[in-house]
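Open the model in a viewer and keep the selection panel at hand. The tour has two stops.

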Amino acid sequence: MPKVIVLNGPNLNLLGQREPAVYGSTTLADVEALCRKTGERLGVEVECLQSNHEGVLIDAIHEAGRGVKAGTVLGVVFNAGAYTHTSVALHDAIKGAEVPVIEIHISNVHAREAFRHHSFISPAAAGIVVGFGVEGYVLAIEGLVRRSGK
Ligand code: DQA
């Protein structure tokens with residue numbers, strides 16, 4: 001069964017308790033269960049990982065790239081959290097690993113502070129889902145599966 005990696009970056013482990021007015025009351029465990037359920041519906045295996053550490057996220061993208069080359073992985077649904085707005089290294093990892101990434105943000109970052117308007121991930125991403133709350137993960141997985149033609 002082809003695999004989709006759902007990768008969450010810094011502070012997303014705090015979902016449910018972190019600024020609920022912005023991010024809602026759904027926990028990361030709930031989001032990951034929703035992603036796995038979506039995978040079951042679409043016939044793909046969903047593997048979830050969260051890290052607060054940039055290097056761990058980079059390693060996960062490299063690993064996903066190896067899976068894409070081996071034909072076992074379709075791509076990555078990636079919420080890079082605040083690293084979205086700061087990380088040239090994550091941009092380079094996506095380019096370097098040649099991995100299809102769907103960038104996702106729970107909130108509409110463009111309706112928020114100016115420092116959230118720029119993304120280092122977007123120019124390297126295959127697609128972007130912004131502002132649909134945690135349902136955005138479902139849309140991103142669907143988009144990734146559809147673009148792969150599987
Ligand atoms: C976020 C938006 C980012 O600006 C923020 O730093 C996050 C979460 C979102 O999902 O809306 O951590 O990526």
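The stops below are the ligand site and then a strand with its pairing partners.

Note at the outset that this is a predicted model.

**Stop 1: the ligand**

Select the ligand and display the residues around it: Arg18, Tyr23, Asn79, Gly81, Ala82, His85, His105, Ile106, Ser107, Val109 and Arg116. Colour this shell by class, and 4 nonpolar, 5 polar and 2 charged residues appear.

Next, look at the oxygen atoms of the ligand. Which distance separates a ligand oxygen atom from an N or O atom in the side chain of His85? The value is 2.7 Å. For the side chain of Arg18, an N or O atom is 3.0 Å from an oxygen atom of the ligand. At Ala82, show the backbone instead: one of its N or O atoms lies 3.2 Å from a ligand oxygen atom. Now switch on the surface; the ligand taken alone exposes 320 Å², and the protein buries 99% of that area.

**Stop 2: strand β1**

Select residues 3–8, which form strand β1. Why is β1 described as largely enclosed by the rest of the structure? The description holds because 5 of its 6 residues are buried.

Add residues 45–50, strand β2, which pairs with β1 in the parallel sense over 6 bridges. Then add residues 73–79, strand β3; its pairing with β1 is parallel as well, over 6 bridges.

To finish, pick Val4. Its bridge partner in β2 is Val46, and its bridge partner in β3 is Gly75.

Terms used
Residues are numbered from 1 along each chain as its sequence is written. This is a predicted model: local features need pLDDT of at least 70, side-chain atom pairs count only at pLDDT 80 or more; totals for chains, interfaces and linings use all residues. Side-chain values use heavy atoms; hydrogens and water are left out. A residue is near a molecule or strand if one of its heavy atoms lies within 4 Å of it. A polar contact is a pair of N or O atoms within 3.5 Å; within protein, one must be able to donate a hydrogen and the other to accept it, and residues adjacent in sequence count only if both atoms are side-chain atoms. Accessible areas come from the Shrake-Rupley method with a 1.4 Å probe; for residues, only the protein chains shown count as cover. Ala, Val, Leu, Ile, Met, Phe, Trp, Tyr, Cys and Pro count as nonpolar, Asp, Glu, Lys and Arg as charged, and the others, Gly among them, as polar. Buried means under 20% relative accessible area, exposed over 50%, partly exposed in between (1.4 Å probe, protein chains only). Helices (H or I, at least four residues) and strands (E, at least two) are DSSP runs, numbered from the N terminus. Two strands pair if DSSP finds at least two bridges between them.
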